[in-house]
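Subject: Structure for your files

Hello,

Here is the structure you are taking over. My notes follow below it.

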Amino acid sequence: MAPPIETFPASQLPYRIQAAANGKRRKGKEINLNECELMEMVQYSCWLEGAKKDLTICKPIVKLFRRCAGGLVVETTAWEEGNQPQQARDG
C-alpha cells in the first residue's frame, strides 16, 4: 500500500512546491508557477453499460500540469481552476 499523503488546499500549492519531498527547501530561486510551462493530459474514465455489458462508455478527464525549471512537474488542475479570473471560469 502506498504511504499516506498529506492533503492541502490548492491555494497552498505555490508555497508547498518550494520544498522538496523531504521537507527541505529546494535549491535555486523561488518557483513561480505562473512562469512554468502549462501542459495538459487527458485521461479517460470508462465503464460498461447495456444488458450484456457490451457498451463501453468513456468520459474524458482533463488534468493540468506545470513543468518548471530544474525538472519539477506538478499537477495544477485545482490550482488553475482557482486562479482563473471569474469571467474565464464562467465561459
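Lys-29 is exposed, because its relative accessible area is 67% and the cut-off for that class is over 50%. Please keep in mind throughout that this is a predicted model.

Salt bridges

The structure holds four salt bridges, and I describe three of them, including the one made by Lys-29. The partner of Lys-29 is Glu-35, with 3.9 Å between the closest N and O atoms. Glu-35 is exposed as well, with a relative accessible area of 59%.

Another salt bridge pairs Glu-37 with Arg-67, where the closest N and O atoms are 3.2 Å apart. Glu-37 belongs to strand β1 and Arg-67 to strand β2 (residues 55–67), so this bridge ties together parts that are 30 residues apart in sequence. Both partners fall in the intermediate class: Glu-37 is partly exposed at 43% relative accessibility, and Arg-67 is partly exposed at 40%.

Arg-66 and Glu-80 also meet through their side chains in a salt bridge, at 2.7 Å from N to O. Here the link runs between distant parts of the chain, from Arg-66 in strand β2 to Glu-80 in helix α2 (residues 77–83), 14 residues apart. Arg-66 and Glu-80 are buried, whereas Lys-29 and Glu-35 are exposed.

Disulfides

There are two disulfides in the structure. Counting the bonded cysteines along the chain, they follow the pattern 1-4, 2-3.

One of them joins Cys-36 to Cys-68, with an S to S distance of 2.0 Å. This link is right-handed, with 110 degrees about the S-S bond. It connects distant parts of the chain: Cys-36 is in the loop between α1 and β1, and Cys-68 is in the loop between β2 and β3 (73–75), 32 residues apart. Both Cys-36 and Cys-68 are buried.

The sulfur atoms of Cys-46 and Cys-58 are likewise bonded, 2.0 Å apart. The link of Cys-46 and Cys-58 is right-handed, at 110 degrees about the S-S bond. Cys-46 lies in strand β1 and Cys-58 in strand β2, so the disulfide ties together parts 12 residues apart in sequence. Cys-46 is partly exposed, with a relative accessible area of 44%; Cys-58 is partly exposed too, at 40%.

Nonpolar core and surface

In soluble globular proteins, nonpolar side chains tend to be buried together. The largest nonpolar core in this model has nine residues: Leu-13, Ile-17, Ile-31, Leu-33, Cys-36, Cys-68, Leu-72, Val-74 and Trp-79. The disulfide pair Cys-36 and Cys-68 is therefore part of that core, as both cysteines are in the set of buried residues that defines it.

Which residues does Trp-79 touch, not counting those up to four places away in sequence? They are Ala-10, Leu-13, Pro-14, Leu-33, Asn-34 and Arg-66. Among these contacts, Leu-13 and Leu-33 are members of the core, and Arg-66 is the buried residue that bridges to Glu-80.

On the surface, Val-42, Tyr-44 and Val-62 make a nonpolar patch of about 290 Å². Val-42 sits in strand β1 (residues 37–49) and is partly exposed, at 37% relative accessibility.

N-terminal segment

Pro-4 is placed in the segment before α1 (13–16). At 80% relative accessibility, Pro-4 counts as exposed. From Pro-4 to Met-41 the separation is 37 residues in sequence and 25 Å in space, C-alpha to C-alpha.

Regards

Methods: Residues numbered from 1 in each chain as written. Predicted model: local features only at pLDDT ≥ 70, side-chain atom pairs only at ≥ 80, totals over all residues. Heavy atoms only, no water. Helix = DSSP H or I, 4+ residues; strand = E, 2+ residues; numbered from the N terminus. Buried < 20%, exposed > 50% of the residue type's maximum accessible area, 1.4 Å probe, protein only. Patch = residues over 30% accessible without salt bridge, like charges linked within 9 Å, V, L, I, M, F, W, Y side chains within 5 Å. Areas by Shrake-Rupley, 256 points an atom, 1.4 Å probe, with all protein chains shown as cover. Core = buried A, V, L, I, M, F, W, Y, C linked by side-chain atoms within 4.5 Å. Contact = heavy atoms within 4.5 Å. Disulfide = S-S within 2.5 Å.
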